[in-house]
Amino acid sequence: MDFPSSWSSFGTLSHSESDGNKTYHALFSDLWYGLDDRRRQDKRMQIETVLLEKTRHMGSSSCKICPIISVFVWFLLFLFCVCSAKSLESVNFNEANQSFYPGKELHELKIIRAHLMKINKPAVKTIQSPDGDLIDCVLSHQQPAFDHPHLKGQKPLDPPERPKRQRSRFGMFFQENFQLWSLSGESCPEGTVPIRRTTEKDILRASSLSRFGRKIPRQSRRDSSSNGHEHAVGYVTGDIYYGAKASINVWAPQVANQYEFSLSQLWVIAGSFGDDLNTIETGWQVSPELYGDNYPRFFTYWTSDAYQATGCYNLLCSGFVQTNNRIAIGAAISPTSSYNGGQFDISLLVWKDPKHGNWWLEFGSGVLVGYWPSFLFTRLRDNATMVQFGGEIVNSSPSGFHTSTQMGSGHFAGEGFGKSAYIRNLQVVDWDNSLLPLSNLKVLADRPECYDIQGGVNGVWGNYIYYGGPGRNSKCL
């Protein structure tokens, strides 16, 4: 630090004053490098005592240096104030830094990273998707499903016997490369499965680690909304079912906030809508909380206890066993349908293998994705008692009003093809492992003023539904 030239006279103090000068220097050094509050107070008192004694001494010996001492006193007092303020500022800054990651948050962060290590398996190859996803090619026997005690040391099963089917007379709108990550031409090697890498940000968006990758638990009948979940579905019940098939129109509905989602899917269900509810679900969804964006994504889900402690989306827990190296569950779908424009749908089939009892998933015409082992379930271990097709959204009632999150295309069912979302070719699998058209389709909308549904049948589409809506409007508040 440079001092004004007029202060150079401090160096001309006589030898008799040198001890006092050393005292000043020692006190000045302590002040300059900062002290805690109590020590600063003690030093201030020492300064004042020494300066008072020195002033008295100089007053009797040499009045000529009194102005100098006066200036020096004021300089030290000023310097003390500045150093104290700087020291206090430094303490506050350090306290702020220490509180940025308090012990509890650091502990939670360690738990999150340990969970990521568990579900993100070592990759043979990693593919960068245009939407920002990282797709890891993981050896099939190292995927998360094989962390389950019942599957440890095993390998994926061979393909089962497929259901006997009726040929569709309506041209399919999907293509094999229907996901963004595969458009580059990159693919995972044989013997691996593509898995969307989960990030720290993905988990931090969830309400808790225990709820990450899971739907909100609910105990309700199908004919009532619960926990903000609202549906518009077609369904069949009253018989025994061994699977279901449908072609689901893909859109990119607007979702109002991070805490909501919009999806279109089929459900295979057994048990009541109480604690024993078992479901297998697949379709597409837009979920900013789960994925961090608004792309429609291919997904799977399962639960054996009404969404409470079991089950999860995709491969986020030990459950679904993937067997395909070309389809990444949880990855974005492309292209999507447009209003008054091109329409795109994906064909999905879920059925129970008559030989081993596992529930298999097929995409398109014969592309096996994988299976849910039968031991995951209680009620679905034998068969299903209900099948549903349709849409679901979460209404968090922002600002006390109904959400503006869209279902399907965001337009009501009455607008029809090219404007409203559809699901066509609705079928079920019977006891003989045969695909059959529906004979008693019923439709239900929890809030028809917000999202509605219409069912029908014709010689081209078979059984079908149109469904969806814009959410909040003049009649939906």
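Me: A cavity is a set of points on a 1 Å grid over the protein atoms alone where a 1.4 Å probe fits but cannot get out, and its lining residues have an atom within 4 Å of a point. Which residues line the second largest cavity here?

Reply: This is a predicted model in which local features need pLDDT of at least 70, side-chain atom pairs count only at pLDDT 80 or more, and totals for linings use all residues. Residues are numbered from 1 along each chain, and side-chain values use heavy atoms, without hydrogens and water. The second largest cavity has a volume of about 30 Å³ (the space filled by probe spheres set on the points). Its lining consists of I119, N120, K121, D136, V138, I195, R196 and R197.

Me: Thanks! Which strands each supply at least two residues of that lining?

Reply: By class, the second largest cavity is lined by 3 nonpolar, 1 polar and 4 charged residues. The strands (DSSP E runs of at least two residues) that each give at least two of them are strand 2 (134-139) and strand 3.

Me: How much space lies in the largest cavity?

Reply: Searching the whole structure turns up 2 cavities of 30 Å³ or more. I195, R196, L290 and Y291 are among the residues lining the largest cavity. Strand 3 (192-196) and helix 6 (288-291; H or I runs of at least four residues count as helices) each give two or more residues to that lining. The space in the largest cavity is about 140 Å³.

Me: And what is the make-up of the lining of the largest cavity by class?

Reply: Ala, Val, Leu, Ile, Met, Phe, Trp, Tyr, Cys and Pro count as nonpolar, Asp, Glu, Lys and Arg as charged, and the others as polar. Sorted that way, the lining has 8 nonpolar, 2 polar and 2 charged residues.

Me: Turning to the aromatic rings, why does the pair F417 and W461 tie together parts of the chain, and how many residues apart are they in sequence?

Reply: The structure holds 16 aromatic pairs (ring centres within 6.5 Å). The centres of F417 and W461 are 5.9 Å apart with planes at 65°, so this pair is edge-to-face (over 60 degrees). F417 sits in the loop between strand 14 (384-394) and strand 15 (421-429), while W461 sits in the loop between strand 18 (452-458) and strand 19 (462-468), so the parts tied together are apart in sequence by 44 residues.

Me: Is W461 buried or exposed?

Reply: Ring pairs join F417 and W461 with Y422, Y464 and Y466 in a cluster. F417, at 44% relative accessibility, is partly exposed (between 20% and 50%). W461 has 7% relative accessibility, and under 20% counts as buried.

Me: Which ring does the charged end of R472 sit over?

Reply: K215 lies over the face of Y301, 5.6 Å from the ring centre. The charged end of R472, 4.2 Å from the ring centre, sits over F401.

Terms used
On a 1 Å grid over the protein atoms alone, a cavity is a set of points where a 1.4 Å probe fits but cannot get out, and a pocket is an open set with protein on both sides within 12 Å along at least five of seven lines; lining residues have an atom within 4 Å of a point. Rings of Phe, Tyr and Trp (its six-membered ring) pair if their centres lie within 6.5 Å; planes under 30 degrees apart count as stacked, over 60 as edge-to-face and the rest as tilted. Buried means under 20% relative accessible area, exposed over 50%, partly exposed in between (1.4 Å probe, protein chains only). A charge sits over a ring if NZ of Lys or CZ of Arg is within 6 Å of the ring centre and within 35 degrees of the ring normal.
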